[in-house]
Amino acid sequence: MKEPGPSSPGTQAASDKLLRRLIELNPGFLWATDRDLRFLFVAGSGLLARGAESPDEFVGKTLHELLEPGDIALEMHARALAGESVVYMSPRGESTWRGHVEPLRGANGEIEGVVGIALEVSELVHAEEQLDASRAKLDLALAQLPAIFWATDDKLCLTSAAGRPIGDRAVETWLGKPLADLLGSPDHPAVLIHEDALRGTAGTYELVLDDRDYEVRVEPLRSHEREIVGTVGIAVDVTERIEHRRAMEELATLVMHSSDAITGIGRDGRVFCWNPAAERMYGWQAEEMIGETTDRIIPVEERHEWEELRNRVWAGETVEQLAATRLRKDGTPIRVWLIRTPILDEHGEVAGFSTIARDLSRREREDERRHTSQKLEAVSRLAGGIAQDFNNLLTAISGYADLAAKDVPAGPGREALESIQAATDRAVTLTQGLLAFGQRRLLHPTAVDLNQLLTDLQPLLERLVGRDVTIELV
């Protein structure tokens, strides 16, 4: 049987019926009006969803009868009558409709009315609002993060950017500009790394912008077909971290070069820091002490005191110990001054403590020498005072002996006086030596007979050194 041709009445009727059915099933609605905005045709299930019993009830009515004055749809239809094709959004109660109206032209091309279509887009609008809100939050987060994000095309021109401003300009203002302009030179290391990314090699580098330190990573930007179409990068502000690292390095330098022994004890009681001064002081190398306790350097007799002081430090107290005894690796004792300071974690809890130790041996030796010097000074002053008084007495004795010798004739008496005078002269010599000792200077130095001088000093030396020491002159 021969099928009817496209222009046959049966085919045309079937097509019109199908078209009508499709229009009726449209989730929105379609319409046409004359120049007075009177509905000539209305169809679509969207009208039924809005409460209409049938689309045909709108035919013959004008848009002005159905809408309030100032409604956006009236303005859009007026623009369509003026020849525009207009798309607009029209809120209707809790729903939002998207309308599209165009001029309805006759066979001669003149505008005879308006034709339009509307579709409810409430869910779509809601989704777009949520997407816009999410984008706004994302933009806010990116702006507050200590980082800069960007992408470039294969010519290294910025195609997208977000994050911190660069200089006094928002990163978005650099879109469309070459990366070399931003960095000031096509030979900038960052530009060269981006060029490597275009060749498929990811790279990292450090960059200083606005006196801030950034760690940067650049990756190739690939299409769905895995072709490289540009680059993508992120720069994270690490200024505080680098400053912290520098501070820690400086602190470590101070610890390593300190002349005092500095040790660190963890919560488990084991050593985690043992500086070179501690190695020199105690004789134990760092690798021998790290991970071990300090029991080996504490004498048994001081263990109880050490535990008491340690408990005070664990309670958060800084403890100073003016003098303590510690043991070197070879077992010899050493006197040290100690100060222990708690180390707090980020929660303010004591996580360990540091100990600074200073060798007191040299100081004690210096104190001993100073005390000995002070004693000698006191003795010399006493000796000088006694010698001065004794010298005065000897002067009187010598004078009276001289006077008596003039009146005594030769004989035993004269010899006795001469013996007194000789002894007085020797005593004067001794007192002069004591005066010189007391005043720490030599008085009238002269050549002497050393043998005779030692013989004359022997009785005085025997009294000074005591009876348990014998002096023999050879």
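Patches are made of residues with over 30% relative accessible area and no salt bridge, with like charges joined within 9 Å. The exercises below use a predicted model.

**Exercise 1. Which residues gather in a patch of negative charge on the surface, and how does Glu 308 count by accessibility?**

Solution.
- Step 1. Name the members. Asp 295, Glu 305, Glu 307 and Glu 308 form the negative surface patch.
- Step 2. Place one member. Glu 308 sits in helix H11, which spans residues 303-314.
- Step 3. Take its relative accessibility. Glu 308 has 44%.
- Step 4. Apply the cut-offs. Buried means under 20%, exposed means over 50%, and partly exposed lies in between. Glu 308 therefore counts as partly exposed.
- Step 5. Check the patch threshold. A patch residue needs over 30% relative accessible area, and the value for Glu 308 is 44%.

**Exercise 2. Is Thr 263 buried or exposed, and which residues does Thr 263 touch?**

Solution.
- Step 1. Locate the residue. Thr 263 belongs to strand E11, residues 261-266.
- Step 2. Classify it. Thr 263 counts as buried because its relative accessibility is 8%.
- Step 3. List the neighbours. Leave out residues up to four places away in sequence. Thr 263 then touches Cys 273, Trp 274, Ala 278, Phe 353, Ser 354 and Thr 355.

**Exercise 3. What is the sign of phi at Leu 37 and at Leu 156, and where does each residue lie?**

Solution.
- Step 1. Recall the usual case. Most residues other than glycine have a negative phi.
- Step 2. Read Leu 37. Its phi is positive, near 60°.
- Step 3. Place Leu 37. It lies in the loop between strand E1 (29-34) and strand E2 (39-43). Leu 37 counts as buried because its relative accessibility is 5%.
- Step 4. Read Leu 156. Its phi is also positive, about 60°.
- Step 5. Place Leu 156. The residue is in the loop between strand E6 (147-153) and strand E7 (158-163). With a relative accessible area of 8%, Leu 156 is buried.

**Exercise 4. How many helices and strands does the protein chain have, and what percentage of its residues is buried?**

Solution.
- Step 1. Count the elements. The protein chain has 14 helices and 15 strands.
- Step 2. Take the buried share. Of its 474 residues, 32% are buried.
- Step 3. Turn to the surface. The chain exposes about 30700 Å², and carbon and sulfur atoms supply 55% of that area.
- Step 4. Look at contacts. Among those with a separation of 6 or more, 38% join residues 24 or more positions apart.

Technical notes: Residues numbered from 1 in each chain as written. Predicted model: local features only at pLDDT ≥ 70, side-chain atom pairs only at ≥ 80, totals over all residues. Heavy atoms only, no water. Patch = residues over 30% accessible without salt bridge, like charges linked within 9 Å, V, L, I, M, F, W, Y side chains within 5 Å. Areas by Shrake-Rupley, 256 points an atom, 1.4 Å probe, with all protein chains shown as cover. Salt bridge = Lys/Arg side-chain N within 4 Å of Asp/Glu carboxyl O. Lys, Arg positive; Asp, Glu negative; His and termini not counted. Charge placed at Lys NZ, Arg CZ, Asp CG, Glu CD. Helix = DSSP H or I, 4+ residues; strand = E, 2+ residues; numbered from the N terminus. Buried < 20%, exposed > 50% of the residue type's maximum accessible area, 1.4 Å probe, protein only. Contact = heavy atoms within 4.5 Å.
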